[in-house]
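Subject: The structure we talked about

Hi,

Here is the structure I promised to pass on. Have a look at it first, then read on for what turned up.

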Amino acid sequence: MLHAKAQIAVLSAMVLGLASCSDKEPTDAEAVAAVEAAQDGKPPVKPLVLQPILYPDISQNKLHGTGCAFVAEGGGLGAVLLAQDKRGVIKYGDHIQVLAPDAGSSRMPKGSFSRYTGKENAVTLTADGPVTPVGTTEQFKGRMIVTDAFERPVYEATGDVQCKAI
């Protein structure tokens, strides 16, 4: 309720500000536009800087399993996404974020999915080339996009995907 009162106060100030800037009252269209702008108050996009998910992260958070690991081009050897059958995992700001698989999304090798969702972010992983079997591993070139809670991209990369027991 307090949030709504704050919005009304801001809107009133905006309308009064418009009126004081000119000799005429704001039109209905201008007033409606001011209200819509205030209600669409999405925070600015904050790009994510993903960190590699290292073996200590996997051990401490019990992230072992079968699935795919995405390594961004130019990002070193550490995977920034673990895409498994029961979860997707990303890491930023030393925070491990576990995402739920979107069971309606495309299936990927080793029981993984192409999309994972959570409260803060969603991740989409797509293949940019053929999936090549190499022994018990499957690998392919892929693309990863992380979106925020408003479905705006906050991380995008291409890279290598390796699917195996993690």
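Before anything else, one term you'll need: two strands pair if DSSP finds at least two bridges between them. Keep in mind, too, that this is a predicted model.

**Strand pairs**

With that term in hand, look at Tyr-116: its bridge partner in S6 is Val-123. That bridge belongs to the pairing of strand S5 (residues 115-117) with strand S6 (residues 122-127), which are antiparallel and joined by 3 bridges. Between S5 and S6 sit 4 residues, and the two strands make a hairpin.

S6 has another partner as well: strand S8 (residues 137-147), again in the antiparallel sense, with 6 bridges. If you want a spot to find on screen, go to Ala-127, whose bridge partner in S8 is Gly-142. While you're looking at strands, remember that side chains in a regular strand alternate between the two faces of the sheet.

**The whole chain**

Now zoom out. The chain contains 3 helices and 9 strands, and along the sequence they come in the order α-α-α-β-β-β-β-β-β-β-β-β. It has 166 residues, of which 34% count as buried. Take the contacts between residues at least 6 apart in sequence: 51% of them join residues at least 24 apart. As for the surface, about 9,900 Å² is exposed, and 58% of that is supplied by carbon and sulfur atoms.

**The disulfide**

How many disulfides does the chain have? The count is 1. The link is between Cys-68 and Cys-163, with 2.0 Å between the sulfur atoms. It is right-handed, with 100 degrees about the S-S bond. Cys-68 belongs to strand S1 (residues 66-72) and Cys-163 to strand S9 (residues 153-165), so the link ties together parts that are 95 residues apart in sequence. Both cysteines are buried.

**The cores**

Next, the inside. The largest nonpolar core is made of 24 residues, and the ones with the most contacts inside it are Leu-50, Phe-70, Ile-90, Met-144, Val-146 and Tyr-155. Two or more residues come from each of S1, strand S2 (81-84), strand S3 (88-92), S6, S8 and S9. S9 gives the largest share, 5 residues. There is also a second, separate core, with 9 residues, including Ala-69, Val-71, Val-89 and Ile-96.

Tyr-155 is a good place to start exploring the largest core. Setting aside residues up to four places away in sequence, Tyr-155 touches Leu-48, Leu-50, Ala-72, Val-80, Met-144, Ile-145 and Val-146.

**An aromatic pair**

Tyr-116 from the hairpin comes up again here. A pair of aromatic rings is described by the distance of the centres and the angle of the planes. This model has 1 aromatic pair. The rings are those of Phe-113 and Tyr-116, with centres 6.4 Å apart and planes at 85 degrees; angles over 60 count as edge-to-face, so that is what this pair is. Phe-113 and Tyr-116 are both buried.

**Three residues to click on**

Is Tyr-55 buried or exposed? Tyr-55, found in helix H3 (residues 55-60), has a relative accessible area of 54%; the cut-off for exposed is over 50%, so Tyr-55 is exposed. If you check the C-alpha atoms, Tyr-55 and Gly-78 are 9.6 Å apart in space and 23 residues apart in sequence.

Thr-137 is in strand S8. Its relative accessibility is 12%, and buried means under 20%, so Thr-137 counts as buried. Which residues is Thr-137 in contact with, leaving aside its neighbours within four places in sequence? They are Thr-132, Gln-162, Cys-163 and Lys-164. You have met Cys-163 already, as one half of the disulfide.

Last comes Arg-152, in the loop between S8 and S9. With a relative accessibility of 18%, Arg-152 also falls under the 20% cut-off, so it counts as buried. Apart from neighbours within four places in sequence, Arg-152 contacts Lys-42, Pro-43, Pro-44, Val-45, Val-146 and Thr-147. Val-146 is a name from earlier too, as one of the residues with the most contacts inside the largest core.

Happy clicking!

Definitions and conventions
Residues numbered from 1 in each chain as written. Predicted model: local features only at pLDDT ≥ 70, side-chain atom pairs only at ≥ 80, totals over all residues. Heavy atoms only, no water. Disulfide = S-S within 2.5 Å. Buried < 20%, exposed > 50% of the residue type's maximum accessible area, 1.4 Å probe, protein only. Contact = heavy atoms within 4.5 Å. Areas by Shrake-Rupley, 256 points an atom, 1.4 Å probe, with all protein chains shown as cover. Core = buried A, V, L, I, M, F, W, Y, C linked by side-chain atoms within 4.5 Å. Phe/Tyr/Trp six-rings, centres within 6.5 Å; stacked < 30°, edge-to-face > 60°.
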